[in-house]
Amino acid sequence: MNGVAFYFFLVAVFCVTGGMAWGIQMAISGEHLFAPAHAHLNLVGWATMGLFGLYYHSVPAAAARGLAKAHFVIALVGVVLMVPGIALAVSEKSEAVVAAGALVTFASMLVFLYTVATNRTGSSSAPP
Ligand code: HEM
């Protein structure tokens, strides 16, 4: 794995490592207030970023586009805003950061939708 696929996967593994440590801290302390932020670090950071990485690894034509690098930056900014944003929201401090993070994360998925839709690969004559 290299290029943009590697960077997506590296960020994903950072997220799940941090997410698990956060989960263990919550379990030990019994304080679950930030459970939704932990969940999104794992699901948007690990599962979603990891799937993006696996996709770009298996579709090199998509990874070679400049759009893939832009997608990585947008997705990273989305996670970096969204997870602390949820923590701020559940602490009733501010909803602005999570709103921005959610919109950027949604924009990242729109970029991915376009990427998947415009990178059909393989031969239609191949056996099923
Ligand atoms: C060492 C690993 C992990 C530990 C110790 C851990 C611990 C926890 C704890 C203590 C809670 C709060 C439960 C509650 O309040 O009822 C929680 C919630 C949650 N966790 Fe984890 N977790 C871990 C890994 C993961 C991973 C890998 C994912 C997803 C890929 C995940 C997804 C979730 C979800 C969806 C919730 C529910 C959030 C909510 O109710 O708002 N967790 N976890």
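Q: A polar contact is a pair of N or O atoms within 3.5 Å. With that in mind, at what distance does a polar side-chain atom of histidine 32 lie from an oxygen atom of the ligand?

A: The model is a predicted one, and in it a polar side-chain atom of histidine 32 lies 2.8 Å from an oxygen atom of the ligand. That distance is within the 3.5 Å cut-off, so the pair counts as a polar contact.

Q: Which side chains come up to a nitrogen atom of the ligand?

A: Histidine 38 is one of them, with an N or O atom of its side chain 2.9 Å from a nitrogen atom of the ligand. Asparagine 42 is another, and here a polar side-chain atom lies 3.3 Å from a nitrogen atom of the ligand.

Q: Which residues are around the ligand, and what classes do they belong to?

A: To read a shell, one can list its residues and then sort them by class. Around the ligand are Met20, Gly23, Ile24, Met26, Ala27, His32, Ala35, Pro36, His38, Ala39, Asn42 and Leu43. Sorted by class, this shell holds eight nonpolar and four polar residues, with no charged ones.

Q: Which helices supply at least two residues of that shell?

A: Both α1, which covers residues 3-29, and α2, which covers residues 35-58, supply at least two residues each. The greatest share comes from α2, which gives six residues to the shell around the ligand.

Q: Stepping back from the ligand, how many helices and strands does the protein chain have?

A: The protein chain has five helices and zero strands, so that, read from the N terminus on, its elements run α-α-α-α-α. Along its principal axes the C-alpha trace spans about 55 × 30 × 25 Å, and 34% of the 128 residues count as buried.

Q: What describes two packed helices?

A: Two packed helices are described by the distance between their axes and by the angle between them. In this model, the axes of α1 and α2 come within 8 Å and cross at roughly 160°. Those two helices are therefore roughly antiparallel to each other, and their crossing is left-handed. The contact of α1 with α2 is made of 20 nonpolar and nine polar residues, and it has no charged ones.

Q: At what angle do the axes of α4 and α5 cross?

A: The axes of α4, residues 66-90, and α5, residues 96-117, cross at roughly 150° and come within 7 Å. Because an angle over 145 degrees counts as roughly antiparallel, α4 is roughly antiparallel to α5. The crossing of α4 and α5 is left-handed, and their contact has 19 nonpolar, seven polar and no charged residues.

Q: Are α1 and α4 roughly parallel or antiparallel to each other?

A: The angle is again the value to read, and the axes of α1 and α4 cross at roughly 15°, coming within 10 Å. These two helices are therefore roughly parallel to each other, and α1 passes α4 in a left-handed crossing.

Q: Where is glutamate 92, and is this residue buried or exposed?

A: For a loop residue, one can look at its place, its backbone angle and its accessible area in turn. Glutamate 92 is in the loop between α4 and α5. Its phi is near 60°, which is a positive value in a residue other than glycine. Glutamate 92 has a relative accessible area of 75%, and exposed begins over 50%, so this residue is exposed.

Terms used
Residues numbered from 1 in each chain as written. Predicted model: local features only at pLDDT ≥ 70, side-chain atom pairs only at ≥ 80, totals over all residues. Heavy atoms only, no water. Axes fitted to C-alpha atoms, helices over the stretch in contact; angles between N-to-C directions. Helix = DSSP H or I, 4+ residues; strand = E, 2+ residues; numbered from the N terminus. Parallel < 35°, antiparallel > 145°, perpendicular 65-115°, else oblique. Left-handed = near helix turned anticlockwise from the far one by under 90°. Nonpolar A, V, L, I, M, F, W, Y, C, P; charged D, E, K, R; others polar. Near = heavy atom within 4 Å. Polar contact = N/O pair within 3.5 Å; in protein donor to acceptor, adjacent residues only side chain to side chain. Buried < 20%, exposed > 50% of the residue type's maximum accessible area, 1.4 Å probe, protein only.
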